[in-house]
Amino acid sequence: MWVTLDFEASGLSLSSYPIEVGYVLPSGDSNSFLIDPSTASGHWNHWDKEAETRIHGISRERLFSEGISVLDVCQHLNQTLAPFDHVLCDSQWDLFWMGRLYKACYMRPSFTLMEVNQWLKKHSDLDRRDFSREMEALGPAPHRAEEDARQIRRALDSLLK
């Protein structure tokens with residue numbers, strides 16, 4: 001039983017931080033949350049305007065008005081994802097952003113996030129190239145966390161049939 005998870009972030013740099021997280025459960029149920037950067041311990045100030053306009057389309061102001069606290073996001077993820085053997089993401093960046101998310105509220109995840117390629121190597125004779133081909137066949141990702149997690153799940157479902 002595995003879950004797919006994806007993050008959107010304030011940019012693609014070591015100063016960036018998660019702004020949205022989404023997941024898809026084996027049942028197909030899914031959820032996503034905007035994350036309020038003002039609730040993070042530390043300084044979540046970096047903002048890449050180009051990432052906003054060209055990638056995810058989420059404004060910093062929207063995060064402040066609609067986002068939920070870092071603590072609430074981490075508590076929800078821990079409660080929801082702990083029962084699953086595998087929580088899979090598409091890139092090393094997702095691992096970085098998850099670490100930053102949990103560090104911002106002094107918590108630890110109750111689950112292990114693993115990059116798809118590592119999981120495929122351990123559980124099949126498939127690899128990143130196979131996964132990348134499936135992702136490309138699905139078309140461009142929408143760059144919203146829940147839909148991207150759904151797309152990762154579709155690609156894996158197709159590969160593992």
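**Exercise 1. Charges.** Determine how far apart the mean positions of the positive and negative charges of the protein chain are.

*Solution.* First, decide what counts: Lys and Arg are positive and Asp and Glu negative, while His and the chain ends are not counted. Next, place each charge at NZ of Lys, CZ of Arg, CG of Asp or CD of Glu. The protein chain then has 17 positive and 24 negative charges, and their mean positions are 3 Å apart.

The model is predicted: local features need pLDDT of at least 70 and side-chain atom pairs count only at pLDDT 80 or more, whereas totals for chains, interfaces and linings use all residues. Residues are numbered from 1 along each chain as its sequence is written, and side-chain values use heavy atoms, with hydrogens and water left out.

**Exercise 2. Overall fold.** State how many helices and strands the protein chain has, and in which pattern they follow along the sequence.

*Solution.* Begin with the elements, which are DSSP runs numbered from the N terminus: helices (H or I, at least four residues) and strands (E, at least two). The protein chain holds 7 helices and 5 strands. Reading along the sequence gives the pattern β-β-β-α-α-α-β-α-β-α-α-α. The radius of gyration of the protein chain is 15 Å, close to the 15 Å from the globule rule for 161 residues, so the chain is as compact as a globular protein of that length. Here the radius is taken over C-alpha atoms, and the rule is 2.2 Å times the number of residues to the power 0.38. Finally, the C-alpha trace spans about 45 × 35 × 25 Å along its principal axes.

**Exercise 3. The cores.** Identify the residues that touch the most other members of the largest nonpolar core, and the helix that gives the most to this core.

*Solution.* A nonpolar core is a set of buried Ala, Val, Leu, Ile, Met, Phe, Trp, Tyr and Cys residues joined through side-chain atoms within 4.5 Å. Buried means under 20% relative accessible area, exposed over 50%, and partly exposed in between (1.4 Å probe, protein chains only). The largest core has 33 residues, of which Leu5, Val70, Leu77, Leu81 and Leu101 touch the most other members. Among the elements that each supply at least two residues are strand 1 (2–9), helix 3 (70–81) and helix 4 (92–103). Helix 3 gives the most, with 5 residues. A second, separate core of 13 residues includes Trp2, Leu126, Phe131 and Leu156.

**Exercise 4. Two neighbours in strand 1.** Describe the burial and the contacts of Trp2 and Val3.

*Solution.* Contact means heavy atoms within 4.5 Å. Trp2 is found in strand 1 and is buried, with a relative accessible area of 12%. Leaving aside neighbours within four places in sequence, the contacts of Trp2 include Trp119, Arg153 and Leu156. Val3 also lies in strand 1 and is buried at 0% relative accessibility. With residues up to four places away not counted, Val3 touches, among others, Tyr23, Leu81, Phe84 and Arg153. Val3 and Phe84 are 81 residues apart in sequence, and their C-alpha atoms are 7.1 Å apart in space.

**Exercise 5. Positive phi.** Establish where Tyr106 and His143 lie, and whether each is buried, partly exposed or exposed.

*Solution.* Most residues other than glycine have a negative phi. Tyr106, not a glycine, has a positive phi of about 55 degrees. Tyr106 is in the loop between helix 4 and strand 5 (113–115) and is exposed, with a relative accessible area of 70%. His143, likewise not a glycine, has a positive phi of about 60 degrees. His143 lies in the loop between helix 6 (128–138) and helix 7 (145–159) and counts as partly exposed at 35% relative accessibility.
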